[in-house]
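Visitor: I should like to learn how to read some features of a structural model. Please begin once the structure is displayed.

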Amino acid sequence: MKLRLTNLRLDLNMNEEALATLAARKIRVAPGKITSLHIIKKALDARKNERVEFVYSVDIQVGDIKGIKMNPPFVQPAPEPFREQLKRGDALLSFPPLVVGSGPAGLFCALKLAAWGYRPLVLERGFDVDRRFQEIERFWQTGVLNPDCNVQFGEGGAGTFSDGKLTTRVKDPRVRSILEQLAEAGAPEEILYLNKPHIGTDVLRGVMKNLRRKLISLGGQVIFGCRVTGLKLSPEGSLAGLEVGQGEIPASVGVFAIGHSARDTYQMLFDQGVLMEAKPFAMGLRVEHPQSFIDQNQYGKNAGHPKLGAADYALSFRDKERGRSAYSFCMCPGGVVVGAASETGGVVTNGMSEHARASGRANAAIVATVDIPDFGDGCLKGMEFQRKWEQIASYRGGGNYYAPAQKLEDFLQNRPSADLAGTIGSSYRPGVTPGNLRDCLPQEVGETIAAAIRHWDRQIKGFIHPQAVVTGVETRTSAPVRILRNERLVSMNTPGLYPAGEGAGYAGGIISAAVDGLKAAEAIISHYEKPKEFF
Ligand code: FAD
């Protein structure tokens with residue numbers, strides 16, 4: 001019988017071989033009685049930074065459990081593995097399902113459909129990872145933006161050029177299968193059990209290619225450089241096809257996994273009458289600190305230990321005076337700030353790191369919430385609001401996608417920085433122009449962020465670091481709209497259209513988007529039969 005044991009603790013000087021001894025001690029048997037041990041979870045406990053420990057959950061096999069005292073949650077039978085209960089439906093499907101977007105939502109949706117024999121066709125406006133890499137490098141070096149292929153658009157979606165953090169608050173058995181598929185495609189095995197797994201952009205690019213190969217081997221197809229520009233609707237208003245460039249592809253099922261930055265596609269869906277609503281989001285800036293400072297703060301004397309790597313942080317603050325919240329977001333230890341624009345004439349920041357997280361710099365978005373009263377009533381008003389502030393940042397940055405940047409201390413004082421001397425500088429490319437980021441944010445957003453940073457300076461002592469620098473603006477934190485769908489995950493008023501993932505407003509991050517993509521695939525499989533005509 002398999003047992004699950006939790007809260008096994010190893011300090012930094014102990015090796016994982018010691019787990020068997022700890023496990024045996026916990027259930028009071030001789031170590032030799034444990035026939036197998038498998039790590040399920042590994043988390044870092046650095047709350048008392050002078051005593052940093054790894055905390056494990058393990059599954060063990062013991063020959064005879066007679067006499068072993070259960071003590072949930074520390075000692076209990078291991079849970080049964082999740083068994084999917086999916087049955088194919090019987091509605092007629094005349095054409096292969098189309099999936100718009102190859103981000104985590106679209107890709108995992110397509111993989112599932114392909115595994116069930118539905119031969120999905122993925123339409124992706126950006127290029128494959130290799131060509132996309134070249135387009136993005138060109139943008140970062142020269143400021144020449146390709147609005148169809150950039151940090152937001154292209155194979156693998158928005159997260160391909162990211163830190164590849166796989167943490168999620170979503171508790172869903174599908175998460176395990178997503179992690180397994182990522183590991184099978186080349187992500188490090190440790191993502192299966194680390195509490196805060198991450199892949200890194202360098203590794204993620206190869207993983208995305210391998211997942212595409214898998215999709216094709218299962219009968220799916222991908223067309224890159226193919227932007228969906230319109231819907232073809234039947235007289236009853238159901239999906240009948242998608243317009244792409246000069247052509248049209250017939251379809252009765254189309255999954256829209258378009259991400260949160262496809263503003264032209266939002267506009268098209270809105271113009272064609274697809275039901276959607278505005279939703280709140282958050283905006284702000286990126287802050288960069290020396291990584292050694294964050295490590296020192298989180299790990300104390302253990303900072304720099306090879307088992308620890310670069311430290312992260314997660315902060316939040318409620319600004320009662322202004323009725324807003326602020327929080328750190330998408331923290332990238334050992335990473336860089338990236339130019340993440342997707343629209344001509346707007347500056348957007350985000351963060352990215354390689355697997356080794358070795359840049360020596362820590363960056364995180366610091367954002368405050370914005371809601372309908374900030375941007376006005378109207379479905380696409382939030383999107384227009386984002387665009388407005390991105391254009392202001394572009395103007396303040398001086399053009400060519402240069403971003404405004406400022407010493408953190410100056411941001412708090414609301415005074416422009418004449419230069420970034422004495423700071424670690426900004427890692428944002430194509431480049432930065434010193435100035436005042438307060439001018440690039442709604443007044444209250446700037447004030448809430450400043451109040452939050454002052455508050456956090458007490459939590460991470462010295463957070464208002466003389467070498468810290470801020471760059472902005474960070475506007476693409478989540479979708480500014482939600483495309484409404486019913487309990488079968490189909491659009492409320494356009495049968496056949498399945499809004500999925502972050503762009504549709506049902507996810508926030510790589511894993512939750514992939515989970516939502518899987519749910520969309522399951523909804524399609526359980527409704528439609530695999531049609532005979534094209535198989
Ligand atoms: P997306 O990944 O945005 O994919 C949508 C795809 O649809 C795009 O490839 C786009 O080109 C395509 N598309 C859009 N419109 C059309 C059209 N009309 N026709 C054809 N194709 C179209 N999340 C994390 O969990 N961890 C991280 O570390 C992390 N870091 C990030 C760093 C950066 C720089 C960025 C930009 C995002 C990061 N995120 C991170 C967020 C994460 O990437 C997204 O939450 C996730 O990718 C959303 O998945 P999605 O499939 O819903 O949409």
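Visitor: Which residues come nearest to the ligand?

Guide: A residue is near a molecule if its C-beta atom, placed from the backbone, lies within 6 Å of it. There are 44 residues around the ligand, and G101, G103, G157, G259 and G501 come nearest. This is a predicted model, in which local features need pLDDT of at least 70 and side-chain atom pairs count only at pLDDT 80 or more, while totals for chains, interfaces and linings use all residues. Residues are numbered from 1 along each chain as its sequence is written.

Visitor: How many residues of each class does the shell around the ligand have?

Guide: Ala, Val, Leu, Ile, Met, Phe, Trp, Tyr, Cys and Pro count as nonpolar, Asp, Glu, Lys and Arg as charged, and the others, Gly among them, as polar. Under that scheme the shell has 19 nonpolar, 19 polar and six charged residues.

Visitor: Where does the ligand lie with respect to the domains?

Guide: Domain bounds come from an automatic or database domain assignment. The ligand lies between domain 2 (98-276 + 481-527) and domain 3 (281-474), because both give residues to its shell.

Visitor: Which helices and strands supply at least two residues of that shell?

Guide: Helices (H or I, at least four residues) and strands (E, at least two) are DSSP runs, numbered from the N terminus. The helices α2 (104-115) and α12 (510-527) and the strand β17 (349-352) each supply at least two residues.

Visitor: Where in the backbone are there cis peptide bonds?

Guide: Most residues other than glycine have a negative phi, and most peptide bonds are trans. Here, the bond from P72 to P73 is cis, with omega near 0 degrees; P73 sits in the loop between β3 (53-62) and β4 (75-77). Another cis bond joins G472 and V473, with omega about 15 degrees, and V473 belongs to strand β21 (residues 469-474).

Visitor: What is the sign of phi at N7 and at N400?

Guide: Neither residue is a glycine, yet phi is positive at N7, about 60 degrees, and at N400, about 55 degrees. N7 is in strand β1 (residues 2-11), whereas N400 is in the loop between α9 (381-397) and β19 (403-407).

Visitor: How many other C-beta atoms lie within 10 Å of N7 and of N400?

Guide: A residue is buried if 20 or more other C-beta atoms, placed from the backbone, lie within 10 Å of its own, exposed if 12 or fewer, and partly exposed in between. N7 has 13 such atoms and is therefore partly exposed; N400, with 14, is also partly exposed.
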